[in-house]
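Student: Could you walk me through this one while I have it open? I'd like to start with a strand and then look at some helix packing.

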Amino acid sequence: MSVPVNGENRRVRAGLLGLGTVGSGFIKALAQNGESIRQRTGCEIEIPYILVRNPSKERNVKVKPEQITTDPGVILSSTDIPVVIEVMGGIEPARTIILSALRAGKHVITANKELLAKHGPELLRAAEESGVQLLFEASVAGGIPVIRFLQGYLTANRVHEVSGILNGTTNYILTQMEQTGQSFAEVLAKAQELGYAEADPTSDVEGFDAAYKLAILTNLAYDVQVSPYEIPREGITSIQPLDLKWAREFGYVIKLIGRSRRTEAGIDVSVGPVLLPMSHPLARVNDVFNAVTISGDVVGDLTFIGKGAGEYPTASAVLEDLTALLRQPGQVLRSPNWETPVYPDVNQEAVRPFFVRFKAIVDTFAHAEHQFRLFITRSGGRIVRETGMASAKEAVGGYVVTGLEKSVLQAFLTGGMLEKLLHEPPLLIPCAEDETIDCQDAAFAAEPGLYAKSVEFMSQSV
Ligand SMILES: NC(=O)c1ccc[n+]([C@@H]2O[C@H](COP(=O)([O-])OP(=O)(O)OC[C@H]3O[C@@H](n4cnc5c(N)ncnc54)[C@H](OP(=O)(O)O)[C@@H]3O)[C@@H](O)[C@H]2O)c1
């Protein structure tokens, strides 16, 4: 259904839900580019109502008092408002308001990744039943047009993998920890000061935000329905500056990666830290930038990089959805089909290199390390990179191990005797496939210790 336009000046009225970071950015960007949008779409956009929670709050954008409302009913019941833009966030009341808008025959544009990841199929069904569109470019990777690419362009390709840096906050934290050597807590505090992290950073640092975005990308890429609750997820809170330093010495960088891949058994999907070789296209994507690589069977790999959050990049995605609606009457994008539930292929046990770090008091470290080496050799694995350091009190070792499945390594590291010897829980992070590992592996086998770095003894605690 096309968007009805009013009058000779072809005015289109849209209701805005939310005037926070994204909503304010939208109003500013519309004021800035309203004229060029009018020339390109032939329509003038008017925002008669803006829903907020607190009408007396001071705003950093100029709007008329009569635009502000706390009653979603004024937008939902207006027959001359054919488009609703939801940038308020959260599940309720956003879900109920969007469903009501769709059922009232209004097109909806939303930036709400959590809502889409958790209730996307219900919302898409309501849109289809009413013959209207639900557009959500801003829900994943801010200004990067990755949704449009998957939904509007890639129709003839079969996508076999989607991976990316989907969360700017964690990318900023990891980049800064590596560059400054500061701890996770110190960099998080700085990120909060700069407005890159929320007061409650859980959703970002524990990987929930990336899992919501990955669920949306996965559903679009493979026409399935993956629940964000089912996605195996790890955050970055256990990563220390030492891990980033050692990863770099080994030729890697640590990034929080969301990845989904078609397998014979279904979809292999996960969010967590990964060591990427420096040659990887995502390895040099730093600070708050996001990047998404989509692999299609005909087109090959395509990587998009850009700002994944913030008022303007996100407002850009919202505005582009709106102008697409105005420019193209009828169907803007392929209808997503999120009706086939799939369960992540959690049994997919790839044998790949893993980075392992463990710490113990000096007296027990040598014993713990001996047990670790024995276990690796007896299980058929190999240590292909290693380093370490020690103070008078404690010692810590970092290793890259090949030839073992994650579950095998994990069972050894967190169970049984080793755990009793360790000072804090060990760290285990997968490495992305790295062709250089194999040849160095062979060299290591020929000359054990070739890649072993001597342990540096430090005067201060590690
Ligand atoms: N911020 C980003 O960079 C970014 C990037 C991509 C996607 N997103 C998504 O965009 C959405 C908005 O994010 P944001 O950062 O702009 O949020 P925000 O700054 O917290 O703003 C939320 C706005 O919605 C209003 N609101 C919230 N709950 C409401 C309710 N129950 N009734 C009426 N109004 C309500 C708030 O009103 P008051 O102002 O009166 O409190 C506020 O104006 C979220 O879904 C988020 O995940 C954000």
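Student: Is strand β14 mostly covered or not, and how many of its nine residues are buried?
Tutor: Strand β14, residues 382-390, is mostly covered, with seven of its nine residues buried, where buried means that 20 or more other C-beta atoms, placed from the backbone, lie within 10 Å of the residue's own. Keep in mind that this is a predicted model, in which local features need pLDDT of at least 70, side-chain atom pairs count only at pLDDT 80 or more, and totals for chains, interfaces and linings use all residues. Residues are numbered from 1 along each chain as its sequence is written.

Student: Which strand is β14 joined to, and by how many bridges?
Tutor: Eight bridges join β14 to strand β15, residues 394-402, and the two run antiparallel. They form a hairpin with three residues between them, and Thr387 stands opposite Gly398 in β15.

Student: Switching to helices, at what angle do α5 and α9 pack?
Tutor: Helix α5 (residues 146-153) and helix α9 (residues 208-222) pack at an angle of about 20°, with their axes 9 Å apart. That makes α5 roughly parallel to α9, a term that covers angles under 35 degrees.

Student: Which residues meet there?
Tutor: From α5, Ile147, Leu150 and Gln151 meet Leu217, Leu220 and Ala221 of α9. The residues of this contact divide into five nonpolar, one polar and no charged.

Student: And what share of the protein chain is buried?
Tutor: Buried residues make up 45% of the 462 residues in the protein chain, which has 15 helices and 17 strands.

Conventions:
Axes are lines fitted to C-alpha atoms, for helices over the stretch in contact, and angles run from 0 to 180 degrees between N-to-C directions. Helices (H or I, at least four residues) and strands (E, at least two) are DSSP runs, numbered from the N terminus. Angles under 35 degrees count as roughly parallel, over 145 as roughly antiparallel, 65 to 115 as roughly perpendicular and the rest as oblique. Two residues are in contact if their C-beta atoms, placed from the backbone, lie within 7 Å. Ala, Val, Leu, Ile, Met, Phe, Trp, Tyr, Cys and Pro count as nonpolar, Asp, Glu, Lys and Arg as charged, and the others, Gly among them, as polar. A residue is buried if 20 or more other C-beta atoms lie within 10 Å of its own, exposed if 12 or fewer, and partly exposed in between; C-beta atoms are placed from the backbone. Two strands pair if DSSP finds at least two bridges between them.
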